Protein chains: 2
Amino acid sequence: MTSLVDTLRSCVGPAHVLDAGDLAAYEQDWRRRVRGKALAVVRPGSTAEVAAVVRACAAAGTSIVPQGGNTGLVVGGVPDASGKQVVLSLQRMNAVRSIDGENLTMTAEAGCVLQAVQEAADAAGFLFPLSLAAEGSCTIGGNLSTNAGGTQVLRYGNARELCLGLEVVTAQGEIWDGLAGLRKDNTGYDLRQLFVGSEGTLGVITAATLKLYPRPAATLTAWAAVPSMEHAVRLLALAQKRLASGLTGFEVMGDFALSLVARHYPQQRVPFLGQTPYGVLLENTDHESEAHARAQFEALLEAALEDGCATDAVVAENIAQAHALWHVRESIPLAQAEEGLNIKHDISVPISRIPAFCAATDAVLQREIAGVRLVNFGHLGDGNLHYNVQAPAGGDMAAFLREQEERVNTLVYDQVHKFGGSISAEHGIGELKVDKLPHYKSPVALSMMRAVKDALDPAGILNPGRVVRG
Amino acid sequence: MTSLVDTLRSCVGPAHVLDAGDLAAYEQDWRRRVRGKALAVVRPGSTAEVAAVVRACAAAGTSIVPQGGNTGLVVGGVPDASGKQVVLSLQRMNAVRSIDGENLTMTAEAGCVLQAVQEAADAAGFLFPLSLAAEGSCTIGGNLSTNAGGTQVLRYGNARELCLGLEVVTAQGEIWDGLAGLRKDNTGYDLRQLFVGSEGTLGVITAATLKLYPRPAATLTAWAAVPSMEHAVRLLALAQKRLASGLTGFEVMGDFALSLVARHYPQQRVPFLGQTPYGVLLENTDHESEAHARAQFEALLEAALEDGCATDAVVAENIAQAHALWHVRESIPLAQAEEGLNIKHDISVPISRIPAFCAATDAVLQREIAGVRLVNFGHLGDGNLHYNVQAPAGGDMAAFLREQEERVNTLVYDQVHKFGGSISAEHGIGELKVDKLPHYKSPVALSMMRAVKDALDPAGILNPGRVVRG
């Protein structure tokens, strides 16, 4: 009898099946919360090889954990501790298959690193707008499997909206070629939408046709001081009215979050620090010229000052200054880590309810959790906050997390639910939140999800236990 | 024993169950190709009533045909001839439930007429951009069930992209409230996407949360003469580069299609008629000012003349002139009807392949079908052509259709397939194309569609025989 691992070796070549040595890069999740143990890590080099791997695992009744760059934040891409699961790494499938300039599309394999996709688009004279912190190591297949968000969603949508087609290996090991780069196609159920965001539980994405955009003429960045979250929402409406789709970024940051950046990275200059409750970073992208973009941006900020929704503002004079402003925003999670242990929430509520949500949730946490420090920042233009909780200063942070994390999560998610929001805006469910879903998602929706899972993966071999429980 | 019709009367009130008199408005399809016979037409007034109707029909094993404005073009919303199906009309559910300006969303019931949705948005200071010929009678529920397209897809996407949430009655008669107007929500499979475009075969859409946009400052229309389809594609790329998301419309029209408008509506002035193989209608939407829009538009057209992708162009001076240009475009289907019987195709191929597709398909038809007249127009910006075939002039048009329609369809769809396109870009499958799908869609995709249908509607009571065969 041939073992499954031997069969896998014959599917992809012996060099591409790893079952010895240090497999931490595949078994350890990004935030180092969980360390699993794989039966083997298989690295197929083509769609046909992926299909062969899935068929072999299906025949053996062995479950498969698809994996891209392994940068997920919800424990959705690493094996469990059983030593019985196969990790199917897509990293070797990293070709850009084609770029069609007239159709504004690119077809890329799942294992392409996001930054490589961005660079290939740029080299051909186009923009691929998906952009997020892990772009140097995450893969486009992972981005699509988790429907990644990031900083440009306001204008271009989530990964879902940037995808015009998929190639998928089904749970039965068949290949579905749905790569046609059509902007209109109404020939039955939109299966592509099922696979996007399903975190590898319904099929294995092997390639995608992505939307490209003409490269803009200028991108400018500004920073505004705003007196409250209500004012931030008002500034957003004003910016959307005046800049329309030119508004490609709108990030809000609480002053305490910014103070952590200033404390741990003193070389960074944080605008208006200590002078105002919130800072807002705005990005204006223009297809005409830099002069036009600057005039538009300055007129917007003048109107905002006049309105009172901003009390002060600066526009970056050059690309270095713009990068410095974005760098402050992107340093918040790192500064949080320097400050010590913390509890992260990736939540969304309707934008109109953000001010009331923050006021209510701040109050609940301050009342219930002694010494709590709130680190609130995020993509306000998408209603998406990283509403994080820093352990109290000076105390035993590990003990705080041990004792309070579940309680803090429940307090925050209950508020999110009350305000009609989502407990996972852009990170997904994975294993981390799968047991929380039944508390916050309608039973009708959960039962439809279960029915879809059973329909497409009846044997339950694809990433079991993630997104939906058996 | 109570009959089903009596039960339905008790669900929605006797006045709202129609089973006598002239029911043609519900039984006859829009293009008058099919006349069915309903057991009854039920007009529930609330989501709870819809759920009660579905439960009653499910208990009786009676199938349901959901219906909105009954303007569909693929026989997807009328009952079959058996007299055993219940038509579930959503027309009484026509409330705009709420508008949330800060969140840029509107929640509307399925039976709202599209134009009423547009007007409600406008009255609140916003734009709801879905726009299509039937907007005065089609409903938003029907638009979502068929993933309607129209003239603004280039900028705003199909109906799918304009929907942030749904309320759905399942095949089991349960209510799923998925109306949260969130721009980011990754808590499991995106069920909304399954119902959009499923033509009432998976559930009954009862309400939707829709995206709104700030109302633009100016909308301008231009008409360009272009020497070939290749040049039209080049003009499109130039316009996308220079106007970016300001380009909200890009319609191409062959000179023969335009000549039918001139012949049957001599009061209309058709620009450049007889002087050039194709006309292109461009729409530029601007959030700054009319002066800015005009300057941008004129610069684009100058660049196009210099490049040679356009040989002449006019920009409408005022709204009346703009309407007149759009009216020419919208009169093509009516002029076709005046000219006589014709065969319609709603197809898409990647934009880059449109010129080669047209050249190859024109040649095939001219070779195979004596006297054929090609009426080619459509949404080039979406790769979507209404590639229609007019019966030869003078002859017996009915005989031509009888003898040639199937053959013409096969010739055209075979070419579409060869060029990687779709045999239904924006109209859907319904009953009209359901038997064509297996010839042009991958068996893997069809088998997944079947699995999803069986998972969500195991008894097969929702719009049976449409989209997927049993």
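Which residue forms a salt bridge with B:D307, and how far apart are the closest N and O atoms? I began my notebook with that one, keeping in mind that this is a predicted model.

**Entry 1: the B:D307 pair**

I found B:R234 as the partner of B:D307, with the closest N and O atoms 2.9 Å apart. B:D307 lies in helix 10 (residues 290-307) of chain B and B:R234 in helix 8 of chain B, so the salt bridge ties together parts that are 73 residues apart in sequence. I looked up accessibility too: B:D307 is partly exposed at 38%, and B:R234 is partly exposed at 39%.

**Entry 2: other salt bridges**

My search over all chains gave 48 salt bridges. One of them joins A:E109 to A:R97, with 3.1 Å between the closest N and O atoms. That pair links distant parts of the chain, with A:E109 in strand 6 and A:R97 in strand 5 (residues 96-100) of chain A, twelve residues apart. I noted A:E109 as buried at 11% relative accessibility, whereas A:R97 is partly exposed at 35%.

In chain B, I saw B:E27 form a salt bridge with B:K37, the closest N and O atoms being 3.9 Å apart. B:E27 sits in helix 2 (residues 24-27) of chain B, and B:K37 in the loop between helix 2 and strand 2 (38-42), ten residues along. Here B:E27 is buried, with a relative accessible area of 3%, while B:K37 is partly exposed at 42%. I also jotted down a network of salt bridges that links A:D6, A:R9 and A:D19.

**Entry 3: where chain A meets chain B**

I counted 79 residues of chain A in contact with 79 residues of chain B. Together the two chains bury about 6400 Å², 58% of it on carbon and sulfur atoms. A:K184, A:N186 and A:Y189 supply 17% of the area that chain A buries against chain B, more than any other three residues.

Between the chains I found six salt bridges. B:D382 forms a salt bridge with A:K184, at 3.2 Å between the closest N and O atoms. Polar contacts between chain A and chain B come to 40 residue pairs, both residues at pLDDT 80 or more. Helix 16 of chain A gives the most to the side that touches chain B, with nine residues. By class, I noted 31 nonpolar, 31 polar and 17 charged residues on that side of chain A.

I then checked B:S245, in the loop between helix 8 (229-243) and strand 13 (247-254) of chain B. B:S245 is buried at 15% relative accessible area. Beyond its neighbours within four places in sequence, B:S245 is in contact with A:R155, A:S245 and B:R155.

**Entry 4: strand 10**

Is strand 10 of chain A buried or exposed? I found nine of its nine residues (203-211) buried, so the strand is largely enclosed by the rest of the structure. Strand 6 (residues 105-109) of chain A runs antiparallel to strand 10, joined by five bridges, and A:T107 stands opposite A:T209. Strand 8 (residues 163-170) of chain A also pairs with strand 10 in the antiparallel sense, over seven bridges, with A:L166 opposite A:A208.

For chain B, I picked B:T206 in strand 10. B:T206 is buried, with a relative accessible area of 0%. Its side chain makes a polar contact with the side chain of B:E167 at 2.7 Å. Other residues that B:T206 touches include B:T47, B:L90 and B:M93.

Notes:
Residues numbered from 1 in each chain as written. Chains lettered and ligands numbered in written order. Predicted model: local features only at pLDDT ≥ 70, side-chain atom pairs only at ≥ 80, totals over all residues. Heavy atoms only, no water. Contact = heavy atoms within 4.5 Å. Buried area = accessible area lost by both parts, 1.4 Å probe. Salt bridge = Lys/Arg side-chain N within 4 Å of Asp/Glu carboxyl O. Polar contact = N/O pair within 3.5 Å; in protein donor to acceptor, adjacent residues only side chain to side chain. Helix = DSSP H or I, 4+ residues; strand = E, 2+ residues; numbered from the N terminus. Nonpolar A, V, L, I, M, F, W, Y, C, P; charged D, E, K, R; others polar. Buried < 20%, exposed > 50% of the residue type's maximum accessible area, 1.4 Å probe, protein only. Pairing = 2+ DSSP bridges.
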